[in-house]
Each structure stands twice: as structure tokens, then as C-alpha cells.
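Please open the model in your viewer and keep the selection panel at hand. The tour below moves from one selection to the next and says what is to be found at each stop.

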Amino acid sequence: MTKVLSVTSECVPLVKTGGLADVAGALPGALAGHGVDMRTLLPGYRAVVAQLATREVVAQWDDLFGGFARVLKGALGDQVLYVLEAPHLYDRDGGPYVDRLGRDWPDNPERFAALCSAAALIANEGIEDWFPQVLHLHDWQAGLTPVYLRELGAADRVATLMTVHNIAFQGMAPASLLPRLGLPRSGFHDKGYEFWGSISALKAGLVYADRLSTVSPTYAAELMTPEFGAGMDGVLRERQQDLLGILNGIDEDLWIPPYDAPEGKAAHRAALRRELNLPEGWPGPLCVVVSRLTEQKGLDILLQALPALLDRGGQLALLGSGDPAMEAAFRAYADRHPGVAVRIGYDEALARRLIAGGDAILVPSRFEPCGLTQLYGLRYGTLPLVALTGGLADTVINASPAGLAAGCATGVQFQPVTAQALAHALMRLVSLYQQKPVWTRMMANAMASPVGWSQSATAYAALYAQMVKPA
């Protein structure tokens, strides 16, 4: 049995701000039966501590970055949670990373250095007579852990895996915080955790962890290029032999379509149109978008390309929020066009109804490390139209002539990520929709696609077993 401590700043359903939570929260349960005993260490945000049914204290420190801290043992289903309760760091209003006004907490470097330090201490000292053999570190918030592990003299006993979910977030802090963060100055150089004169927690993890991973094979390759590497591409090229891409999955017990065959979608499509006041009888597909409204997600080029869908009888239903100008532009489009419905905000129940009732789900992201939206679409037979990037490239089989001839297509891919290429892809989508036998076959293929955690959990279990260091 391989003992693994997952160190994360998010965990479904206790706190969720993005895809990181889906991975860090779902993976432990998926590893059951794979010879892995995974437990999760999570900051004790106010909302997290409030949800703990039991609060058994299993470790404590008198001074952890400025105050008393203790580890509370809890559970998420059959998963063991260790919650780092440190009120001076985590007991506050706002989100995990920002205050109510959307501003970064000024002490974020200390808040997540404390999480890293606690992980290293647990690895060195054990917890409940349980000693992890591998620390699985998620993004910059856990990036300093290998440094603290070295300082404790435990790096030769405990292995570290650093997973990058989104390299754009790098945990930058001024060099003046080196003493405050307990970081040795000997590591503050271009081959260590120095990045353009500052401390980078992400770079610390990339440099000092034993192995590196990210959330799709294509994203792993993209990260080693200047276009996608966010300045870390050189570091990753130097460590490419240690870098592995393992796809995310979704919890298939939580995402169950309300029908078990393609023909079951019709009733949900009709209900969705009634709910959103979209007219019936249009000859094209009802396309849905559930997304943050940002340029990264490619929603600006969707605005430009929409006539290619609407002029051919397609419809659009959008749920999301983000850039105010983009929100206003989509609202204006809906006001002008009867085939467009827009809801601004976050509404998980509506999101599920959109995915159940839509014919296709649009994900035109400029970059997408893995993506979960297209996996939800596949699960529901809502065919994904995606940009050829990251996990979108790895999970959707394009309706190319070869894919259609082989009878294995599950969606439509396009490149480059431009309005013209997206418009052409939307035209292809409408054409496919009007070929009912072809479309029905693609829906069946999509619904049979492996979108859960089984394959990825097997890959992680094998990687952990390889990483265990001799006792």
C-alpha cells in the first residue's frame, strides 16, 4: 500500500474555485482499490472548518507563521481529510485567495507557505503513526513543500510529485520575504526559486520536486514552449524527462445524464428551450456555453463567429460571468437575436440543464490545461466543439473524414484559435447535425467515452509506486 498525502488549496465539495478542486478532491476516492492510501491536507478556511462533522486534533504547533495552528481530522465520504486550522491565516471572509473586493490577500505568501511547512512536518514526523511516502503537491500553493522537506532532512525519505494545473499562477513574493518564509538564501538564484528578482513558489516546486506532472499529455508538451510556458518553459525543458501528462477525469457518480441513449435528449432540449424562451423548430443545433467569460476561454472570437451558427438555423444558450464588456456584448446579442439566450452568473443547476438539453457544447479556449466542460458534454452526449489545445485535444475525437469513416468521432476540433477557424467549425457542426444518422452515432460514441478517473487513477498509482524511496 503506497501512502500518499495530497497537499492542495482546494477540495470538492468543501471549496471550489476551478478545475484544481475537481482533481484534488476527486482523485483520492478514485484511487481506492489501486493500492494507494491517499489522504488530503487542506487549509482550514472558515467554510471548510464549519463543515467538519468531527474535529479530532491530530497535530499542533505553537507558532506556524505567526500563530497557533493545529490539524483537525475529518472526512469527505470515505476519504481522510487533514484540515490545517490556523485562524490567523485562514479564518476570514472572502475567498481562498482574495478578499470580498477581489484583491489578493496581502499575506498569501505566508498563508500557503504555512500549508507547505505543515505538509513537510507531517512527512517528517508522521501523523497518527501514519508516514506518507509521497507528497502530491498541487500548484504554487504547495510549491514550497520540497524546499521545507530538504531543510528538515527528509527529502531522501519522502518523494514529491508537483502537479501543474495552470502555470499562469506562480505564487510570486518579494525577495525581502525570504527570512519570513524560512527559505534559505542559498536557493535564491536562477536555478532555484528566484524568478526575475522575486520568489516563485511554483518554480520552487518545479525545480525541487522529484517528479512533475500536469493534467493532460498535450498540455505537458505545450508547457515546454514559450507560447504556453509563462516563462517557466526553460525550467520544464530541463526537466522534461521527469514530466508526465495524466488526464483529469470527472466523478461519474455525480454527473449522470437523465437519459441513457441519444434519443432521450429530445425532451430535455424542449424543456430547455421553454425555460430560456428559445423558439422551437429551428433546423440547426442548440449549442450551449458554460464558462468564464474571458479571452482565455475564447469567448471573444465566439462573438465574432456566431453568425456562422445563427444564419444556418443554430441557437446559443450561454451561462457565465467574467469580463464586464464581454457580458454586455453577449447580453446585447441576445437582445437582438431570438436564437440567443444569455444568463450571467453562476448556477450549477442551470449548468446541468444546459448540458442535458444542449446538442453541442462550445469550448473555444485559447489554452485549456485539461478542461472538464468537454468531459461533461461527452458524458451527456452533448457534442463538444473545442479548440485543438491541451486536454481538449486529448479527449475529443475530431469528426474528420478519417474519424467519421472509422465511426469513432465524438466532436469537432478546430485550429488555429481564430474567429475564422471557429466560424468554419460551427458550419461543420451544423452540417453534421443535419445528417441525423451521423450525429446520432457521434452522440453514442460520446456517451461511451471514458471520462471518469479509472484510467488516470491507474496511471497515478503506478507513478506513486515508482517514486517510493527505499526505507
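A residue is called buried here when its relative accessible area is under 20%. The model you are looking at is a predicted one, and with that in mind you can begin at strand β13, residues 286-293, where 6 of the 8 residues are buried, so that the strand is largely enclosed by the rest of the structure.

**Stop 1: the sheet around β13**

Keep β13 selected and add strand β14, residues 315-322; the two pair in the parallel sense over 8 bridges. To see how they are aligned, pick Val288, whose bridge partner in β14 is Ala317, and then Leu293, which has Gly322 as its bridge partner in β14.

Now widen the selection to the whole sheet, which is open, has 6 strands with parallel pairing, and follows the order β15-β14-β13-β16-β17-β18. At its edges stand β15 (340-344) and β18 (412-414), and because each has a single partner strand, one side of each is left without a neighbour in the sheet. From one strand to the next the twist averages 15°.

Add helix α12, residues 324-336, to this view: the helix lies across β13, β14 and β15, and runs at about 145° to β15.

**Stop 2: the sheet of nine strands**

Next, select the open sheet formed by 9 strands, whose order is β3-β4-β5-β2-β1-β6-β7-β11-β12 and whose pairing is mixed. Here the edges are taken by β3 (56-61) and β12 (243-245), each of which has a single partner strand, so one side of each is left without a neighbour in the sheet. Direction ignored, neighbouring strands of this sheet are turned by 25° against each other on average.

Three pairings within this sheet can be followed in turn:

- Strand β2 (residues 36-43) and strand β5 (residues 79-85) pair in the parallel sense over 5 bridges, and Thr40 stands opposite Leu81 in β5.
- Strands β7 and β11 pair in the parallel sense over 4 bridges, with Met162 opposite Leu212 in β11.
- Strands β11 and β12 run parallel and are joined by 3 bridges; Thr214 has Gly245 as its bridge partner in β12.

Which strands does helix α4 lie across? Select residues 108-125 and you will find that helix α4 lies across β1 (2-7), β2, β3, β4 (69-76), β5 and β6 (134-138), running at about 145° to β2. Helix α7, residues 201-208, also packs on the sheet, where it touches β7 (159-164) and β11 (211-214), and the direction of α7 makes about 130° with that of β7.

**Stop 3: Tyr90**

Select Tyr90, which has its place in helix α3, residues 87-90. Is this residue buried or exposed? With a relative accessible area of 1%, Tyr90 falls under the 20% cut-off and therefore counts as buried. If you display its contacts, leaving aside residues up to four places away in sequence, you will see that Tyr90 touches Pro43, Gly44, Tyr45, Arg46, Leu84, Arg111, Ala114 and Leu115. Ala47 is worth adding for a sense of distance, since Tyr90 and Ala47 are 43 residues apart in sequence and 9.7 Å apart in space, C-alpha to C-alpha.

**Stop 4: the cavity**

Rolling a probe the size of a water molecule over the atoms shows where empty space is left. The structure holds 1 cavity of 30 Å³ or more, and the volume of the largest cavity is about 70 Å³. To outline this cavity, select its lining residues: Pro109, Phe112, Ala113, Cys116, Trp140, Gln141, Leu144, Gly171, Ala173, Leu181, Ile199 and Ala201. Helix α4 supplies the largest share of that lining, with 4 residues. By class, the lining of the largest cavity divides into 10 nonpolar, 2 polar and no charged residues.

**Stop 5: the second largest pocket**

For the last selection, take Leu247, Thr395, Pro450, Val451 and Gln455, which, of the 20 residues lining the second largest pocket, lie nearest its centre. About 360 Å³ of space lies in this pocket. At least two lining residues come from each of α14 (373-380), α15 (390-395) and α19 (454-467), and the largest share, 4 residues, comes from α19. Colour the lining by class and you will find 9 nonpolar, 9 polar and 2 charged residues.

Key: Residues numbered from 1 in each chain as written. Predicted model: local features only at pLDDT ≥ 70, side-chain atom pairs only at ≥ 80, totals over all residues. Heavy atoms only, no water. 1 Å grid on protein atoms, 1.4 Å probe; cavity = no way out; pocket = protein on both sides within 12 Å on 5 of 7 lines; lining within 4 Å. Points joined across faces, edges and corners; volume = space filled by probe spheres on them. Nonpolar A, V, L, I, M, F, W, Y, C, P; charged D, E, K, R; others polar. Pairing = 2+ DSSP bridges. Axes fitted to C-alpha atoms, helices over the stretch in contact; angles between N-to-C directions. Contact = heavy atoms within 4.5 Å. Buried < 20%, exposed > 50% of the residue type's maximum accessible area, 1.4 Å probe, protein only.
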